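Here are some notes to read alongside the structure. They are numbered so that each can be checked in turn.

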Amino acid sequence: MRKWNTLLSICIIILFLIHAVAGGFQLMGLLSGGNVILSVLAKIMLVFIIIHGVIGIKLTWDSIAACKKSGVSYYKENRLFWARRISGFAIIIFILIHVILFLGKNDGVYRLNYFGTLQLATQILMVLSLAVHIITNINPMIISFGVSKIKEYAVDILVVLSAILLFTAVGFVIYYIRWIIW
């Protein structure tokens, strides 16, 4: 199950990169919205995220059951494990908010939902949760593929992902400013 989850994670990351870059350009007003291909990719990514979440919940449940069975939890020693689980749970909440914010159809016509300070805060928190989740999971993901030079690949991947996450956060801020000005 862990190998499937890893493959699923790679697919999610690839779809996320496409979604984040295209979405960032749309938020900045540099790309027109309503692209059918991007919409289909976002829906596929959402299905993958749901499956990934279910697997994560199952693995977490198994870990908690093992802790209860052994009678020892080692919470302090497993801080990274819990950071992964908590950030993943936060992402689920923020993705739901993200979908609600940007899925603005009314009577079959696409309409943008209001994007104020609270909405900006939730989207920045989503980006931060994604950053924590990806950063804490990148090494185990690389190891699961049998890559021996972890540091070499991890740093490159983290730099690219950090740049895209920053680009997305800037896109949300510009979108917010566009709402305030217009």
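1. This is a predicted model. A good place to begin is M126: which residues does M126 touch, leaving aside its neighbours within four places in sequence? The contacts of M126 are F94, I95, H98 and F172.

2. M126 also belongs to the largest nonpolar core, which has 22 residues. Within this core, M126 is one of the residues that touch the most other members, together with F16, F115, L130, L165 and F172. Helices α1, α3, α4 and α5 each supply at least two residues of the core. The helix that gives the most is α5, with 6 residues. As background, nonpolar side chains tend to be buried together in soluble globular proteins.

3. Another core lies apart from the one above and has 7 residues. Among them are I13, I138, I142 and L161.

4. Now consider helix α5 itself, which covers residues 150-181. How far apart should its ends be, at 1.5 Å a residue? The helix has 32 residues and should therefore span 46 Å; the C-alpha atoms at its ends are 46 Å apart, so the two values agree.

5. Several residues of α5 are buried: A154, L161, I164, L165, T168, A169, G171, F172, Y175 and Y176. What do the buried residues of α5 pack against? Their partners are α1 (2-27), α3 (79-102) and α4 (117-144). Two names on the buried list return from earlier points: F172 is in contact with M126, and L161 is a member of the core of 7 residues.

6. T168 is worth a separate look. This residue is found in helix α5. Is T168 buried or exposed? Its relative accessibility is 8%, and because buried means under 20%, T168 counts as buried. Leaving aside neighbours within four places in sequence, T168 is in contact with A20 and V127.

7. Last come the charged side chains. How many salt bridges are there? The count comes to 1. The side chains that meet in it are those of K58 and D62, at 2.8 Å from N to O. Both residues lie in helix α2 (residues 36-70), 4 residues apart, which is about one turn of the helix. An α-helix has 3.6 residues a turn, so residues three or four places apart point the same way.

8. Neither end of this salt bridge is classed as buried. K58 is partly exposed, with a relative accessible area of 38%. D62 is partly exposed as well, at 33%.

Conventions:
Residues numbered from 1 in each chain as written. Predicted model: local features only at pLDDT ≥ 70, side-chain atom pairs only at ≥ 80, totals over all residues. Heavy atoms only, no water. Expected span 1.5 Å × (residues − 1). Buried < 20%, exposed > 50% of the residue type's maximum accessible area, 1.4 Å probe, protein only. Contact = heavy atoms within 4.5 Å. Core = buried A, V, L, I, M, F, W, Y, C linked by side-chain atoms within 4.5 Å. Salt bridge = Lys/Arg side-chain N within 4 Å of Asp/Glu carboxyl O.
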